Amino acid sequence: MTYTSPIQTSSNVATGPSGRAMAEPMSAELLEHMQAHLNMERQSAAAYFATAIWFAERELVGFANYLRDEGNQEQQHAAQFADYLISRGQTVVLDTIEPPCQQWSNTEAVISDVFRMEADVTSSVLQLYKTAEQDNDMRTTVFLDPIVEGQRLSEHEAAYLLGRVKFAANQPAALLLIDAELRDKAAAPATLAG
Ligand SMILES: [Fe+2]
């Protein structure tokens, strides 16, 4: 594996490209994937914002608010990766955000996209995990542990919402019930463990 070359300073402490002290270098491959993942989180934030707009335009306030909050969380995830890269002495490289999809035929199509997006983000995190393990980069695996678990829960939540929306079969009365649940923050999968 190749590593980003540390710069030796007069104080005999290695520094990264940002000039910060660096305890352990990261492999070029892991760094590239971490940067790409950070930008994927930013892209997800934009995609969620687009879904929130779609529902806001259709008076489904619960869906709009829920998806707005999910989008804000994606931005927070990007910030977590930025904090982590800085802590490792690396520079954060921001990429272009592509215009997200804004056209859907119905609610089920929107929420299906949300579920797929969460699954894609999980795959990306797991790929990062694999690379970090191959590199024996334990700081990164420890950083990623709670993120993997958070992604599993995000998939669980999105699957629940998609299941409810499928039950509704685009019937306005049923969609309004789900919307009310979301507005009251009462939408959550069953918990069998007491
Ligand atoms: Fe995320």
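At what angle do helix H1 (residues 28-56) and helix H2 (residues 61-87) pack, and how far apart are their axes? In this predicted model, the two helices pack at an angle of about 165 degrees, and the axes of H1 and H2 lie 8 Å apart. Because angles over 145 degrees count as roughly antiparallel, H1 and H2 are therefore described as roughly antiparallel to each other. The crossing in which H1 passes H2 is left-handed. When the residues that form the contact of H1 with H2 are sorted by class, 16 are nonpolar, 7 are polar and 5 are charged.

The wider setting of this helix pair is a chain that contains 5 helices and 2 strands. Read from the N terminus on, the order of these elements is β-β-α-α-α-α-α, so that the strands precede the helices along the chain.

As for overall dimensions, the C-alpha atoms of the chain fill a box of roughly 70 × 40 × 25 Å when the box is taken along the principal axes. The chain has 194 residues, of which 42% are buried. The area that the chain exposes amounts to about 10,700 Å², and carbon and sulfur atoms supply 56% of that area. Among the contacts in the chain with a separation of 6 or more, 76% are accounted for by residues that stand 24 or more positions apart.

Technical notes:
Residues numbered from 1 in each chain as written. Predicted model: local features only at pLDDT ≥ 70, side-chain atom pairs only at ≥ 80, totals over all residues. Heavy atoms only, no water. Axes fitted to C-alpha atoms, helices over the stretch in contact; angles between N-to-C directions. Helix = DSSP H or I, 4+ residues; strand = E, 2+ residues; numbered from the N terminus. Parallel < 35°, antiparallel > 145°, perpendicular 65-115°, else oblique. Left-handed = near helix turned anticlockwise from the far one by under 90°. Nonpolar A, V, L, I, M, F, W, Y, C, P; charged D, E, K, R; others polar. Buried < 20%, exposed > 50% of the residue type's maximum accessible area, 1.4 Å probe, protein only. Contact = heavy atoms within 4.5 Å. Areas by Shrake-Rupley, 256 points an atom, 1.4 Å probe, with all protein chains shown as cover.
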